[in-house]
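Please look through the model shown here before reading the points that follow. They take up its helix packing and its confidence in turn.

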Amino acid sequence: MTYLGKAVLLCAGLALAACTNADRFDDTNTVDLNGAGGGARGSAQDPNSPLYFEQAIGDRVLFAVDQSRLSPAAMGTLDGQAQWLMNNADYTAIIEGHADEQGTREYNLALGARRANSVQEYLVSKGVAPSRLKVVSYGKERPIEICSSEACYAKNRRAVTVISVVPTS
Amino acid sequence: MIRYVLSLLLACLLWAAPATAQDGPLRIEITEGVIEPMPFAAPDFVSDNAAGAELGRQIANVIAADLSGTGLFREIQPDAFISQITSFSSPVQFADWKAINAQALITGSVSVDEGGKVIVRFRLFDVFAGQEMGDGLQLVGTQAGWRRIAHKVADQVYSRITGEAPYFDSRVVFVSETGPKDARQKRLAIMDYDGANVKYLTDSSSIVLAPRFSPNGDRVLYTSYESGFPRIYLLDVGSVQRRVLESQDGTMSFAPRFGPDGKTVVYSVTRGGNTDLYRMDVNTGANTRLTSAPSIETAPSFSPDGSQIVFESDRSGVPQIYVMPAGGGEAQRISFGQGRYGTPVWSPRGDLIAFTKQSKGRFHIGVMRTDGSEERLLTASFLDEGPTWAPNGRVIMFTRETQGAQGQASLYTVDITGRNPRQVPTSTGASDPAWSPLQD
């Protein structure tokens, strides 16, 4: 009988906080999964277009399990990215780091940040101004492949350089 | 705007008091190993009108569900009853309840007054001792708040029989999940601990993660991508007003958790790819850096006395659990088993640390003593993570995600003994639960 004494328990009044109306939010909002707006990406034939960057150069690099070190293949892709960014100085980019679903939410956020940072540092080392590159980690929140095996995990352990299609000053 | 204001006045008055049998034979020691659940009877609470009778039936059902849900009690179905309870004040026919092996009997009455106020009285009987256990109690609330009254009654029964602090009158804030795995939408939601009364606190326009209650349950810290980058927000549960706490350009902040003073927050900041721990006074915004290592430091949690912080770090090469003084300084590693350890959370009782462990391709929720000794794994699945403690430190809730393209997250509870794993019913996918303190 540790919790309850004989004396008056609990007591007095309490006002339970007001809660929100469940209908207040509707589901009409859509989530932009790519973190970039549509349109204005140009033609894949135009080497100065964001679409060319995405498709011909390759906007993403992949990582080994629990690693943020860049592979030789990744460095090859990033050399192309750096060149494109140097040639198209009006564009900025956001580098998104991602992890596969193995691992806790918090750790994967930090791991995705390491991956994005590896890419950022590499691009800066190739001459891209740091001010043009932002980094963000999505951890395991935004897989592109949804199976629970290495075939999918390998594609989800990625850093994607997303060109901001509206050139910013 | 706020169409539905749930206001519950709960006045508890001492009711008829033949105070006897403080430590009678009716007792469950919940720290013991496998036990036979205690059979109990919870007949519908009686009422003198139809509205009250329906409420009396619902209240008895919720009480029975609370008690049965612990795995420590087993409800005897009403069709087995020999005696019927038709009046709250009539003497109990103990022989009739003994005959069906009801060790505990809960009786009650409900009345609804002209103003719509609900008055509930209850008594708990130790059938085999033939006497009342503890004092009768009267609870007053609103019709909308009837479930809380039922939880309060169940809390009384649980406490009187186990000697433990209760936890049924509590809430859980969590992330409601809808949509496929590669386009998942997440919203903050709050519900009663048993999954009832779900209310949404945010819309689904931004990813939200890992909400955490303030020590008195009035505010929630969480991480949102509202700005395009993960940042920590503080939300007032009553008004649903929120504000960003940490928004340094070029950084990410996440994994926030309150200290026991309700104003100190400890969290992770990532800058230049490196993640360290910080603490902040939420009133002044002043922050202090607690760690500076090239490794990942995240998932911090205060000890209940506020003197120490347990956290996760991969400074040894793989994620392990460390404890350091709340102001920073030398950290002691406390996890030494095979595998990867994460998301440590200090028990509200101070005696244990719950954690997530990843080993040989499986995930576990486990507990260890605060020095890392006596590690015990309570669960195993494809993906279990993110433990949160019931306010009495006897039950843990966590996220379980199923495997594959159709994988879904849901909430589970388990005893700290590893017994009684149960799914918490939610109408959508659900993850990242945080259990509130016991409500007032």
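**Notes on the predicted model**

1. Helix 1 of chain B and helix 3 of chain B are oblique to each other, a class that takes in the angles left over when under 35 degrees counts as roughly parallel, over 145 as roughly antiparallel and 65 to 115 as roughly perpendicular. The axes of helix 1 (residues 50-69) of chain B and helix 3 (residues 146-162) of chain B cross at roughly 45 degrees and come within 8 Å, where axes are lines fitted to C-alpha atoms, for helices over the stretch in contact, and angles run from 0 to 180 degrees between N-to-C directions. The crossing is right-handed, meaning that the near helix is turned clockwise from the far one by less than a right angle, while an anticlockwise turn would be left-handed.

2. On the side of helix 1 of chain B, this contact includes L55(B), I59(B), V62(B) and D66(B), and on the side of helix 3 of chain B it includes W146(B), R147(B), A150(B) and Y158(B); two residues are in contact if their C-beta atoms, placed from the backbone, lie within 7 Å. By class, the contact of these two helices has twelve nonpolar, two polar and two charged residues, with Ala, Val, Leu, Ile, Met, Phe, Trp, Tyr, Cys and Pro counted as nonpolar, Asp, Glu, Lys and Arg as charged, and the others, Gly among them, as polar.

3. Chain B as a whole has three helices and 31 strands, these being DSSP runs numbered from the N terminus (helices H or I, at least four residues; strands E, at least two). Its radius of gyration is 23 Å, close to the 22 Å that the globule rule gives for 440 residues, so chain B is as compact as a globular protein of that length; the radius is taken over C-alpha atoms, and the rule is 2.2 Å times the number of residues to the power 0.38. The C-alpha trace of chain B spans about 70 × 50 × 45 Å along its principal axes.

4. In chain A, the axes of helix 1 (residues 50-58) and helix 2 cross at roughly 155 degrees and come within 10 Å, and the two helices are therefore roughly antiparallel to each other. Their contact joins F53(A), I57(A) and G58(A) of helix 1 of chain A to T77(A), G80(A), Q81(A) and W84(A) of helix 2 of chain A, which divide into three nonpolar, four polar and no charged residues.

5. Helix 2 (residues 72-87) of chain A also packs with helix 3 (residues 105-125) of chain A, at an angle of about 55 degrees and with the axes 9 Å apart, which makes helix 2 of chain A oblique to helix 3 of chain A. Seven nonpolar residues, one polar and no charged ones make up this contact.

6. On confidence, the model scores ipTM 0.91 and pTM 0.89. Chain B averages a pLDDT of 92, and chain A has a mean of 81, pLDDT being the predictor's confidence in each residue, from 0 to 100. Caution is in order for residues 1-38 of chain A, where the pLDDT is below 50.

7. Residues are numbered from 1 along each chain as its sequence is written, and chains are lettered from A and ligands numbered from 1 in the order in which they are written. Because this is a predicted model, local features need pLDDT of at least 70 and side-chain atom pairs count only at pLDDT 80 or more, whereas totals for chains, interfaces and linings use all residues.
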